[in-house]
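This report walks through selected features of a two-chain model. Please look at the sequence and the structure first.

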Amino acid sequence: MSEDLYEAVIGLEVHIELKTESKIFCSCKNEYGALPNTHCCPVCMGFPGALPTLNRQAVLLAVKAGKALGCGISSVSSCNRKNYFYPDLPKGYQISQGDSPVCTGGYLTIYADSVKKKIGITRIHIEEDAGKLIHDRSSSTLIDFNRAGVPLIEIVSEPDIRSAAEAAAYLKKLRLIMLYAGISDCKMNEGSMRCDVNISVRKKGSTELGVRTEIKNINSFSFVEKAIDAELARQIKFLKAGENIRHQTLRFDPETGSVVTMREKESENDYRFFPEPDILPFFITTDDIKKISEDIPALPDEREMIYTESYGLPHKDALTIISEPKVSMLLDDISRRTRYIKNTANFIISEFPAFCEKTQKDSAELAPRLAELCDLLGDGEINSSVAKKTLRVILSSEETPLHYIEENGLRMIRDEKLLKATVKKTIDENPGMASDYLNGKKAAFKSMMGVCMKLTNGSGDPVILTKLLNEALKNHHIN
Amino acid sequence: MITELSKLTLTSLSELLKNREISSKEITEECLKRISSIEPELRAFITVWRENAIKNAEESDRRRAAGEELSVIDGIPMSVKDNICTAGIRTTCASHMLESFVPPFSATVYKKLKESGAIMLGKTNLDEFGMGNSTENSAFFTTVNPIDKARTPGGSSGGSAASVFAREAMFSIGSDTGGSVRLPAAYCGIVGLCPTYGALSRFGLTAFASSLDRIGPLATTARDIYEILPIIYGHDPSDAASVPDNLRLNAPRTPNGPIIGIADEYFGPGISDEVRSCILTALSVFENLGYRIERISLPSLKYALSSYYIISSAEASSNLSRYDGIRFGHRTRKTVKDISDLYSASRSEGFGEEVKRRILLGTFALSAGEGNKYYQNALKARALIRSEFKSAFGKCDIILSPVSPGLPPLSGKERSPLDSYLEDIYTVPSSLAGLPAISLPCGVASGGLPVGMQLIGNVFSEYFLLDTAVKFETVSGINCFSFRSAV
């Protein structure tokens, strides 16, 4: 924020669709992209007489999300009804949770100006998603109830976020954690992750909160940043002009890059919350929590530590790999098969886009081949230029490294006699390079190494070649 | 061949069927004949399901001939309250809102009865969505009391009770939120059971007030209920509030029992002399049977009626939100300018006055601020009432009370909603506590009108209540045959 006098106070409410087999209160399939109204039944359509029954898997995934975010888990939790009329809401109320959510009080860490910062999580509760309105060209509105009853968690953050960049970092981190823990696919474009922003501005140093506005339902990371910047600018402009901020619900318009008023908070629904009589309070045992905790793989922070401290990767490379869970998981897989983990990580960084693409599909078969390649390089059977070449080959085919190397004669040549001949040939055929080197042009050494490599089809041992070339050049000088 | 269907109970018919002295087809035809002849006057049914009834009766007879009868009620005709979903059969809730609604699935209780071979005859009248106690709030017509045509049959399961007394059906399935099985049973001289909350599945029962709604059977005698209850009793995974079978623990009895508790709160100033004297006579019958009578106190019962109306209306305001004209039910034909206009026009046209009154009351009671205080206080009163019942059942095994303060009221008479609500004063306390209660006739008042009594038991004591009721009807000789039919 350019305005040094003011500071932003931002809290995020993130809705995430849970990756369950079936919906939260009925046995309909939970699947995105099916033909409209093919995954619905009397329960999720709110038919008279139909009753909801709670999907335990949804509760357990919410617990998992809580454990992944360091939350406390309630031993008893219960549902509430949130009443309002909307055509996508079949029962005229949403089953959600009130003052006994599944999880409370956690946090996640982000980097704010390269400094680690904790953002508090207030609570995580479960609820059902609504259907989807489709406004067709003939000006009528159609309703697809496939999404009605899809299980959601709402993750509410503390107002600890101070900028658009921090908000984006929070969302990206949250998404990564959910992906690693297998809670959701978190696709903002498919609506399986959605974000509401609560935002206010105050004078720096003040501890009081200003009047906040809420920007609803933003569906991309970049829109979140843009919406926050636009709203901050608007609020600061108001405050500077001595005007009051109104407690409003806003919407971000990507076309104009500005926020638009949806409604004044005063005119907002009174949701008339009350305990849901059709769902009894439910229990979460310490045994449930233990089992779930054991089922959570290493999360981003832990990975960051392992990659930088145990694998010795540069911080930037570690974060790059962690940003793609499937690539990171592939690294886990390979690391169990080879002693040369750093080689593996370097391979991945060097061909990162290819790895991202490969791991979109089932990439389990890649692990043994990559491990073999890492071993070949680490054991000195091939040199790094051959390794790079081989890597590209195995990424684009089903070739195995060993077979490819044998077939193409790429195994490292360590025979000093052979390599001596190569060095001799190099100097003999490139007298200019040799004299350049002897005249002080150190770069000429590299060129001669290049020729040596070319002559050995890229498989000469670079250490031996360097030694031999050095010796030969010394002799050349004497001659 | 039966000549006197009206003299038979379900139990005696079951015996006749077993001995091949009668066929299901004969009983069913007889019931349908009665429906044809008296229904124009009685108006107990919203929908009569004629064709399939005979076909189903013939199938039942074939099963019995092959020795493959499904249960003791296989082949016995029944009626079902029209707020209980019956796949393929219109289920209106006596509301214009659902006038043409045909549910795609069946209520668990109905399914169980069908699977036991009961013959479905039709759907009975009620107060719209169960809101009322006379059937006068039905959007279609009022059912007549078969004992005195000038009077109401009670409600909301008034059609069910009338159809049973008049032997259009041999038993019926009703629902009880604040007395809707017990009151019409009392006004029509028959027996109605409201089982423990969670004992029977609510799945397929159109919700009025979810934390209070219960399904209950109505039949000519307590003995008949004995045959029906095991069929519909039991856990249903489709109803989250239904109690697993292994958790239905029978509360312990008093050591020197059985003891009948009597609370002053059930004999308030509004009670009629005739009702009081019939209840006292019934008490002496129990004394002669060896029951001990103890005075108990339930001081919080004075909050029961208002708490009941606040909680039930609050839940109703939410449960009835789904009738918005979007997916099913009535949608306005008026031109509307926007979606909220569509909602209000459809709902204004589709719901009757009493339903609207309760939605408004309930919406207010849940609204932030003043309104919500009523709801919160009602919840507190409910908790108090529960705990007072709990301690009362440490001193007695059954609480005996009237079902209503007075006799069946004359129909068509302009009554204020409050006067009408006061009829529920003795039935709503056990509703709030989720306790089982049975309503059975205990005396004949002037004009041959029935007086009912209520036996309230501890959780899951419905069979003990039935035992007690059977003893009473056997010894006292008072049952539905004590009242002359006017239809």
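In which loop of chain A is C186(A) found? C186(A) sits in the loop between α2 (164–181) and β11 (193–203) of chain A. The model is predicted.

**Backbone features in loops**

C186(A) is not glycine, yet its phi is positive, near 45 degrees. R272(A) is another non-glycine residue with positive phi, near 50 degrees. R272(A) lies in the loop between β14 and β15 (274–275) of chain A. The burial classes rest on C-beta neighbours inside 10 Å. C186(A) has 19 of them, so it counts as partly exposed. R272(A) has 24, so it counts as buried. The cut-off for buried is 20 or more.

| Residue | Phi | Loop |
|---|---|---|
| C186(A) | near 45 degrees | between α2 (164–181) and β11 (193–203) of chain A |
| R272(A) | near 50 degrees | between β14 and β15 (274–275) of chain A |

Chain B has a backbone feature of its own. The peptide bond from G155(B) to S156(B) is cis, with omega near 5 degrees. S156(B) belongs to the loop between β3 (119–124) and α5 (158–165) of chain B.

**The sheet of chain A**

Nine strands of chain A make an open sheet with mixed pairing. Their order is β2-β6-β7-β10-β1-β11-β12-β13-β14. β2 (72–73) and β14 (258–264) of chain A are the edge strands; each has a single partner, so one side of each lacks a neighbour in the sheet. Within the sheet, β12 (residues 213–218) and β13 (residues 248–253) of chain A pair in parallel over three bridges. There, E214(A) has T249(A) of β13(A) as its bridge partner.

Helix α1 (residues 56–68) of chain A lies across four strands: β2, β6 (103–112), β7 (115–128) and β10 (151–157) of chain A. The helix runs at about 170 degrees to β7(A).

**A helix pair in chain A**

Helix α6 (residues 315–322) and helix α8 (residues 341–350) of chain A have axes that come within 10 Å. The axes cross at roughly 70 degrees. That crossing makes α6(A) roughly perpendicular to α8(A). From α6(A), D317(A), T320(A) and I321(A) take part; they meet A345(A), I348(A) and I349(A) of α8(A). By class, the contact has four nonpolar residues, one polar and one charged.

**Strands of chain B**

Strand β10 (residues 437–444) of chain B has seven of its eight residues buried, so the rest of the structure largely encloses it. β10(B) has pairings with β5(B) and β11(B). Strand β5 (residues 191–194) of chain B runs antiparallel to β10(B), joined by three bridges. C194(B) stands opposite A437(B) there. Strand β11 (residues 450–457) of chain B is also antiparallel to β10(B), over seven bridges. P441(B) faces G452(B) in that pairing. β10(B) and β11(B) form a hairpin with five residues between them. In the turn, G447(B) has a positive phi of about 75 degrees.

**Where the chains meet**

How many residues does each chain give to the contact? Chain B gives 34 residues and chain A gives 25 residues. On the chain B side, α9 (304–319), α10 (339–350) and α11 (353–366) each give two or more residues. α9(B) gives the most, with three residues. The chain B side has 19 nonpolar, nine polar and six charged residues.

α9(B) has 16 residues and spans 22 Å from its first C-alpha to its last, close to the 22 Å expected at 1.5 Å a residue. Of its 16 residues, 15 are buried, so α9(B) is largely enclosed by the rest of the structure.

Technical notes:
Residues numbered from 1 in each chain as written. Chains lettered and ligands numbered in written order. Predicted model: local features only at pLDDT ≥ 70, side-chain atom pairs only at ≥ 80, totals over all residues. Contact = placed C-beta atoms within 7 Å. Nonpolar A, V, L, I, M, F, W, Y, C, P; charged D, E, K, R; others polar. Pairing = 2+ DSSP bridges. Axes fitted to C-alpha atoms, helices over the stretch in contact; angles between N-to-C directions. Expected span 1.5 Å × (residues − 1). Buried ≥ 20, exposed ≤ 12 C-beta atoms within 10 Å, placed from the backbone. Parallel < 35°, antiparallel > 145°, perpendicular 65-115°, else oblique.
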